[in-house]
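Colleague: I would like to learn how to read side-chain contacts in a model. Could you take me through them one kind at a time?

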Amino acid sequence: MARNVELTVVLPGLANILNQQMNVGILPTYLTKIIHHASFIAEDINLERLLVTSFSTLDSQQHDIPIASLMSENAHQLILSPCCLHPDRDQLLLFADGLNISDQESSTLMREVQPLVDDLGGQLIFHDAQHWLLELTQAPQIDFHALADVEGKSVDGHLPSGPDRTQWLTLWNEIQMQLFNSEVNQLREVEGKLTINGVWFWGTGTFKATENAWSSVQGSLPLLQLLAKQLDIDVRADKPCSLDDLTKGRHLCVLDKIDIEGDWLQQLSALDEQFLQPLWQASKYLSISKLNFIIPHHGSYTLTMLDCWKFWKR
């Protein structure tokens, strides 16, 4: 590897672990070194917004994230994501992650929702179990909020706004009533699974790629593949990311999400041995001149060679 190499590493799932102070003392060796030697900037940004911002000119204050335009070339489109809406006292919480929706379940629910969007002149298209594309003949006069910004939170303050607000809120409620009576949800209840009793509208806007954003990209996330495709960048799916053959320039590596419901310490220990140790050595001996280590919902660590040699830090 050559000098003047800037590497950005993204590690999803680590925020919840670091937020528990009792966990900090048992983190693996090289993860601890990076955290203690690097300069840190706190930032609560989710993975989707982080990645899209890394490839585009997305305004950090923009409510929505233009992901639908990455999935289809239709000019007027948005995403409907199946979700579980859970009433909690005087608020309605939204959950979309970890629902384990099968393609068959999702396809069936989408077909049941289709008649409700006919009046909009819309057509639902199955992209994957968590993303239905709604193609429209004209753009709605409405402002949506990105799904990842609402995950696990109250929908209050995130509902659609704009001239067409009433129409879309009515549709949102009609879809909830339709899904409530679905046989798919009856079966899920029997199996002890959360019901899919709603959808979330989001993903609007035009994606404007930043040219020459990255010299190379590594990672297995589908969104990463879609983003890199916009810039004609081939994505390597090495697990964990490879440090070999990094040339001069800016490189992005998105690691697999840490499963905090599993043995997360074992996962981190394996990552420490296979990736973080050589990463530390490459930073220490100037094979990598600058390392940006980003943890969604937590912040970013910046490490240089001089930081690595600060002996007074453990």
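Modeller: Happily; we will go through charge pairs, cysteines and aromatic rings in turn. Keep in mind that this is a predicted model.

Colleague: Let's begin with charges. How many salt bridges does the structure hold?

Modeller: The general idea is that side chains of opposite charge can pair when their charged atoms come close. Here there are five salt bridges. One of them joins arginine 49 to aspartate 149, with 2.5 Å between the closest N and O atoms. This pair links distant parts of the chain, since arginine 49 sits in helix α4 and aspartate 149 in helix α7, 100 residues apart.

Colleague: Are arginine 49 and aspartate 149 buried or exposed?

Modeller: Both arginine 49 and aspartate 149 are buried. Now look at aspartate 256 and lysine 239, a salt bridge whose closest N and O atoms are 3.6 Å apart. Aspartate 256 is in the loop between β10 and α11, while lysine 239 is in the loop between β9 and β10, so this bridge ties together parts 17 residues apart in sequence. Lysine 239 is exposed, at 60% relative accessible area, and aspartate 256 is partly exposed, at 37%. Another salt bridge runs from glutamate 191 to lysine 193, at 3.3 Å between the closest N and O atoms. Its lysine 193 is partly exposed, with a relative accessible area of 36%.

Colleague: On to cysteines. Which cysteines form a disulfide?

Modeller: A disulfide is read from the distance between two cysteine sulfur atoms. Searching the whole structure gives one disulfide, and it is made by cysteine 241 and cysteine 253, with their sulfur atoms 1.9 Å apart. The link of cysteine 241 and cysteine 253 is right-handed, with 100° about the S-S bond. Cysteine 241 belongs to the loop between β9 and β10 and cysteine 253 to strand β10, so the disulfide ties together parts 12 residues apart in sequence. Cysteine 241 is buried at 6% relative accessibility, and cysteine 253 is buried at 1%.

Colleague: Why does cysteine 83 not form a bond with cysteine 84?

Modeller: Because the sulfur of cysteine 83 is 7.5 Å from that of cysteine 84, its closest cysteine sulfur, which is too far for a bond. Cysteine 83 is buried, with a relative accessible area of 0%. Cysteine 308 has its closest cysteine sulfur in cysteine 253, at 17 Å, again too far for a bond.

Colleague: And the rings? How many aromatic pairs are there?

Modeller: For rings, look at the distance between centres and the angle between planes. There are seven aromatic pairs in the whole structure. In one of them, phenylalanine 144 and phenylalanine 201 have ring centres 5.9 Å apart and planes at 55°, so the pair is tilted. Phenylalanine 144 is in the loop between β6 and α7 and phenylalanine 201 in strand β7, 57 residues apart. Phenylalanine 144 is buried at 1% relative accessibility, and phenylalanine 201 is buried at 2%. Tryptophan 172 and tryptophan 200 have centres 6.2 Å apart and planes at 80°, so that pair is edge-to-face. Tryptophan 172 lies in helix α8 and tryptophan 200 in strand β7.

Colleague: Which residues form an aromatic cluster?

Modeller: Phe144, Trp168 and Phe201 form one.

Colleague: Last one: which residue lies over the face of tryptophan 214?

Modeller: That is arginine 250, at 4.2 Å from the ring centre. Likewise, lysine 284 lies over the face of tryptophan 309, at 4.4 Å from the ring centre.

Note on methods: Residues are numbered from 1 along each chain as its sequence is written. This is a predicted model: local features need pLDDT of at least 70, side-chain atom pairs count only at pLDDT 80 or more; totals for chains, interfaces and linings use all residues. Side-chain values use heavy atoms; hydrogens and water are left out. A salt bridge is a side-chain nitrogen of Lys or Arg within 4 Å of a carboxyl oxygen of Asp or Glu. Helices (H or I, at least four residues) and strands (E, at least two) are DSSP runs, numbered from the N terminus. Buried means under 20% relative accessible area, exposed over 50%, partly exposed in between (1.4 Å probe, protein chains only). A disulfide is a pair of cysteine sulfur atoms within 2.5 Å. Rings of Phe, Tyr and Trp (its six-membered ring) pair if their centres lie within 6.5 Å; planes under 30 degrees apart count as stacked, over 60 as edge-to-face and the rest as tilted. A charge sits over a ring if NZ of Lys or CZ of Arg is within 6 Å of the ring centre and within 35 degrees of the ring normal.
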